[in-house]
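Biologist: I would like a close look at a single part of this model. Please take one region and connect it to its surroundings.

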Amino acid sequence: METAARNPARSTAEVALGIRRRVFEHTVCNNGGYLSQACSSAEQLAWLYNEELRLGAPTLPMIPEPFVGVPSAGNLRYHTGAGYNGPPDPQYDRLIFAPAHYALVAYSTLIEVGRMAPEGLLQFNKDGSSVEMIGAEHSPGMEVHNGTLGVGLSTGAGLAFGRRRKGEPGRVWVYMSDGELQEGQTWEGLQAAAHHRLDNLHALMDVNAQQCDGAMDSVMEVRDMKAKLAAFGARVVEVDGHDLAALRQAAREEHPGQPLVILARTSPYQGMSWLKRRFPRLHYVRFSSEAERAEANRAIAAELGVAPVEYAH
Amino acid sequence: MVEMVTRPYARAFEQYAMTHPEVLCLSADLTSSCEVDGFRDRHPDRFVSLGMAEQNMMSFAGGLGLAGFRPFLHTFGVFLYRRPYDQLVASVAYPRRRVRLMGFLPGLTTPGGMTHQAIEDVSVMRSIPNMTILETGDATEVESICEAADSIDGPVYCRVLRGSVPRLFDTPIRVGRMRELSAGSDVLVVTAGITTEEALRARSALASAGVSIRHVHLNTLKPFDPAPLLDQLASVRHGVVTMENHVTEGGIGSLVAEVMADHGVGKRLVRLGLKDTYAHGGSRPYLMRHYRLDASALVAGIEGLVGHPFGITDADLEAVRIEAAHSLAKAEAL
């Protein structure tokens, strides 16, 4: 099938496992990280990059350059991190990566699909690096700033409108988190996308039911998101976000005249059962003691099929 | 009699947009209020209705900019920065999208009260990196605002006048160039937008009173080249009076103060405008008088600077209104 042909090097399941392993290793080494986001999103990002997105070859160095400054009239060296997704040619898809705090997972995905060198992750959250903790528009794989949650879908809608107007066959994909449904702008954006019949706009949402303060239902219920999204004019498909076949099928859903929203129901400790004991405080995993860190290292490594991470104490 | 021009923006935008295909007309349910209803009706394929949802409109415009378009956003100025401030910074200003923010009803030009009056927009926009700020003061500037704004490689916020607008100038906006309207030697008066017309109302009366006014009109508030202003400041004896349709913090009064302080200009500065206050709803003449940013307020400010009263009455100011505006063509040719 066409999906397998895009990256014959590795299966998407292998890429997803690689993402979990890499984020796990990083989190143990640094005694903290966005671990649960890797658990929930690994299959989705692996599937997007390894199969679904039509992307050209990367245009930026495999090891990201240091931060070259913010956009200004005088900064001629400035560029976004979109080059890791390939050139913005008309036939290619564009990815708006809305949950900027998933950056560690996004970078790990780029590495696993061969778009960034593993050494690039060593610069994560280091001063002077472009591989920032919260993905900025100059960070690998990013094209716009989304650290303020809720702007992503609107930006994608505007880009989709513009691309349709120019007759570009490439689609716009927005990767989102379910917490963004608490932001009014998300609904404004969807309303506009539906009003303007933007069927070249696709949103994939990680529905892990988690947010910074804990379980979403304890923070602010969004209730029946599928019905609400449909009522706002989207074509909505709800799937198990860890089921690659279901993701593939969801993307084939016909949605003429409507944006497509795929709700990927996920677990924030998928593939790392040890994390379940931390539920529902999983937004950022930091180990409370060396003993806990060592225990997590042993348990999660075993589940991921790797040796425990060697780290400096 | 000064020429009054009806809906100059409507014609100017249509004319400009029709020769620049990357320009799109965006509106948030204030289409006729922003004089683009005719454009919408005649060119529906170039018009993007985004409803009452300014946060989305801002980021949507950022996405259009990413796709290579140059969206012109039409709404009241106040709705371009208060509600969608986060989106303004993240989706438009930071990435230097070529988005043109056409802010109608600046300051006290609306009877809509606090919610409709953009009284701190210049202050907000001046503090946003990458932003350019233009302000129109007459029909000719409104007619040239689209081309001026669209010449900027980055985001632009414009204070746009609408409805019946006097024609004070006969040359278009040249971005970055202030207009010297008179070249006196006693007091420098700095105005922008509708306060320029007010200053012109006082012009004959001040001349009759024997005070020599040097008057400059600003249409480019950011970026701001200090050199021409420093030359103007060096040419007057007493000091400078600024008058703005805006709070006196962060607008042109602050701008002039910063230039003077940065360059050690030891002259007095009187800043006229809204003094750390909101306004309420009412007619423009009432509001300008009530909040002291009309011709009589300017006279009082100049009196304070020079140190003695001139004996100018309201009747003197009313009487010279037409004459002052009419004589400007000569002044501008200086």
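Modeller: What follows starts from one loop residue and works outward to the domains, the chain contact and a helix pair. Bear in mind that this is a predicted model.

Start at B:Gly250. This glycine sits in the loop that joins β13 (239–247) to α10 (252–262) of chain B. Is B:Gly250 buried or exposed? Neither label fits, because 18 other C-beta atoms lie within 10 Å, and B:Gly250 therefore counts as partly exposed. Burial would take 20 or more.

Now its partners. Leaving aside residues up to four places away in sequence, B:Gly250 touches B:Glu120, B:Val122, B:Ser123 and B:Arg126. B:Val99 offers a reference point elsewhere in the chain: 151 residues separate it from B:Gly250 in sequence, and 23 Å lie between their C-alpha atoms.

Next, the domains. Chain B is assigned domain 1 (4–166) and domain 2 (179–332). Their centres, taken over C-alpha atoms, are 27 Å apart. Domain 1 of chain B brings 25 residues to the contact, and domain 2 of chain B brings 29. On the domain 1 side, α5 (121–126) and β6 (132–135) of chain B each give two or more residues. By class, that side of domain 1 holds 11 nonpolar, nine polar and five charged residues.

Chain B also meets chain A. Here 24 residues of chain B are in contact with 23 residues of chain A. On the chain B side, α3 (54–66) and α4 (85–93) each supply at least two residues. The most come from α3(B), which gives nine residues. The chain B side divides into 12 nonpolar, 10 polar and two charged residues.

Last, a helix pair in chain A. The axes of α5 (residues 151–165) and α6 (residues 184–195) of chain A come within 7 Å and cross at roughly 20 degrees. That angle is why α5(A) counts as roughly parallel to α6(A). The crossing of α5(A) past α6(A) is left-handed. From α5(A), the contact uses A:Val151, A:Leu153, A:Ser154 and A:Ala157. From α6(A), the residues include A:Gln185, A:Glu188, A:Leu190 and A:Ala193. By class, the residues of this helix contact are six nonpolar, four polar and one charged.

Back to the starting point: B:Gly250 is a partly exposed residue, and its contacts include B:Val122 and B:Ser123.

Notes
Residues are numbered from 1 along each chain as its sequence is written. Chains are lettered from A and ligands numbered from 1 in the order in which they are written. This is a predicted model: local features need pLDDT of at least 70, side-chain atom pairs count only at pLDDT 80 or more; totals for chains, interfaces and linings use all residues. Domain bounds come from an automatic or database domain assignment. Two residues are in contact if their C-beta atoms, placed from the backbone, lie within 7 Å. Helices (H or I, at least four residues) and strands (E, at least two) are DSSP runs, numbered from the N terminus. Ala, Val, Leu, Ile, Met, Phe, Trp, Tyr, Cys and Pro count as nonpolar, Asp, Glu, Lys and Arg as charged, and the others, Gly among them, as polar. Axes are lines fitted to C-alpha atoms, for helices over the stretch in contact, and angles run from 0 to 180 degrees between N-to-C directions. Angles under 35 degrees count as roughly parallel, over 145 as roughly antiparallel, 65 to 115 as roughly perpendicular and the rest as oblique. A crossing is left-handed if the near helix is turned anticlockwise from the far one by less than a right angle, and right-handed if clockwise. A residue is buried if 20 or more other C-beta atoms lie within 10 Å of its own, exposed if 12 or fewer, and partly exposed in between; C-beta atoms are placed from the backbone.
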